[in-house]
Amino acid sequence: MKKIKNIVFGCSSQIGIEISKKLKKDETLLSSRNKVINSYNWIKNDLNKKKFKGFPKKVDKIFFAASPYYLKKNLKNKKKNIYLNELIWLKNCLKEIKCNKIIYISSSSVYVKRHPIGKIKLQCENYIMKNRLLKYQIWRPYNIIGNYISDNLSDHLHNILIKKILINKKKNISLAGNFNDRLGYSSAKKFAQILVNKSVKNKNFILDYRNNKTDKIGEIVIFFLKIFKKKITYKFEHMERTKEKNRNKAILSNENSISILKQYYNKYINEKKM
């Protein structure tokens, strides 16, 4: 086996899976609680346990895509911010394993005031940037969808529709937002390719990654009902949001959101044999 140059923490996440596929197998070590990619060097590891047995002491790059799951019940838990775990994980990884560069997956939630995830993501970013000897590339992606269908679906809109309509079989649903609010989805595959290509450059940066080719949320719901041949009643809970100004330098995916959703939902149909 060649010397390990890369470690991917959170390799079982939607983005982590695609990053892993873009790196050289014999130079890359993957780490997660569950193995989702075969034919790679992989170590089962629970970052909560602070154990790094079998890991190299130094690598060239760490790709950090590990993060607690996005669920509304976690967001509403005011007694315990489970997302604080990510900062602890990050600190432990960088203390135990030396690297020349870290590629960190942050979040667009950093732009939302008092957002439980955005708050911790900013702390992680600041912790990384305080180390002057460490090169860094920080990404703030918006609305990324991968091809891996997890049994534990997140509470993002595209999965909320699956959970409420297909799994819970509700005939009447309420959704956050407004019919005219707009979302632009990007594929994890394309994002990962751009991220890995950029990772070879000797440059520190913070970049947004988003899709300005957006669709109305209401149109996304209508598309979902059409592809799954469902008839329900639905309503939105909020007034239309004001359009936010672009906050940071960004790379645009320019993908077709509906096509990305169609691919994701068709995969769900095939895997669940609907």
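This report walks through the overall build of one protein chain, then its cysteines, then a single lysine.

**The whole chain**

Keep in mind that what you're looking at is a predicted model. The protein chain contains eight helices and 14 strands. Its radius of gyration is 19 Å, close to the 19 Å that the globule rule gives for 274 residues, so the chain is as compact as a globular protein of that length. If you lay the C-alpha trace along its principal axes, it spans about 55 × 40 × 40 Å.

What about the inside and the outside? Of the 274 residues, 49% are buried. The surface that the chain exposes comes to about 15600 Å², and carbon and sulfur atoms supply 49% of that area.

The chain also brings together parts that are far apart in sequence. Take the contacts between residues at least 6 apart in sequence: 74% of them join residues at least 24 apart.

Now for charge. There are 63 positive side chains and 19 negative ones in the protein chain. The centres of these two sets lie 3 Å apart.

**The cysteines**

A disulfide is a covalent bond between the sulfur atoms of two cysteines. How many disulfides does a search of the whole structure find? The search turns up zero.

Why does C99 have no bond to C93? The closest cysteine sulfur to that of C99 is in C93, and it sits 9.7 Å away, which is too far for a bond. A pair of cysteine sulfur atoms has to be within 2.5 Å to count as a disulfide. C124 isn't in a disulfide either, and the nearest cysteine sulfur to it, again that of C93, is 11 Å away.

Here are the two cysteines side by side:

| Cysteine | Nearest cysteine sulfur | Sulfur distance | Relative accessibility |
|---|---|---|---|
| C99 | C93 | 9.7 Å | 13% |
| C124 | C93 | 11 Å | 0% |

Are these residues buried or exposed? C99 counts as buried because its relative accessibility is 13%, and a residue needs to be under 20% for that label. C124 is buried too, with a relative accessible area of 0%.

**A look at K35**

Where is K35 in the chain? You'll find K35 in the loop between β2 (28–32) and β3 (41–44). With 42% relative accessibility, K35 counts as partly exposed.

Who are its partners? Leaving out residues up to four places away in sequence, K35 touches Y40 and W42. K35 and C11 are 24 residues apart along the chain, and their C-alpha atoms are separated by 8.2 Å.

Methods: Residues are numbered from 1 along each chain as its sequence is written. This is a predicted model: local features need pLDDT of at least 70, side-chain atom pairs count only at pLDDT 80 or more; totals for chains, interfaces and linings use all residues. Side-chain values use heavy atoms; hydrogens and water are left out. Helices (H or I, at least four residues) and strands (E, at least two) are DSSP runs, numbered from the N terminus. The radius of gyration is taken over C-alpha atoms; the globule rule is 2.2 Å times the number of residues to the power 0.38. Buried means under 20% relative accessible area, exposed over 50%, partly exposed in between (1.4 Å probe, protein chains only). Contact means heavy atoms within 4.5 Å. Accessible areas come from the Shrake-Rupley method with a 1.4 Å probe; for residues, only the protein chains shown count as cover. Lys and Arg count as positive and Asp and Glu as negative; His and the chain ends are not counted. The place of a charge is taken as NZ of Lys, CZ of Arg, CG of Asp or CD of Glu.
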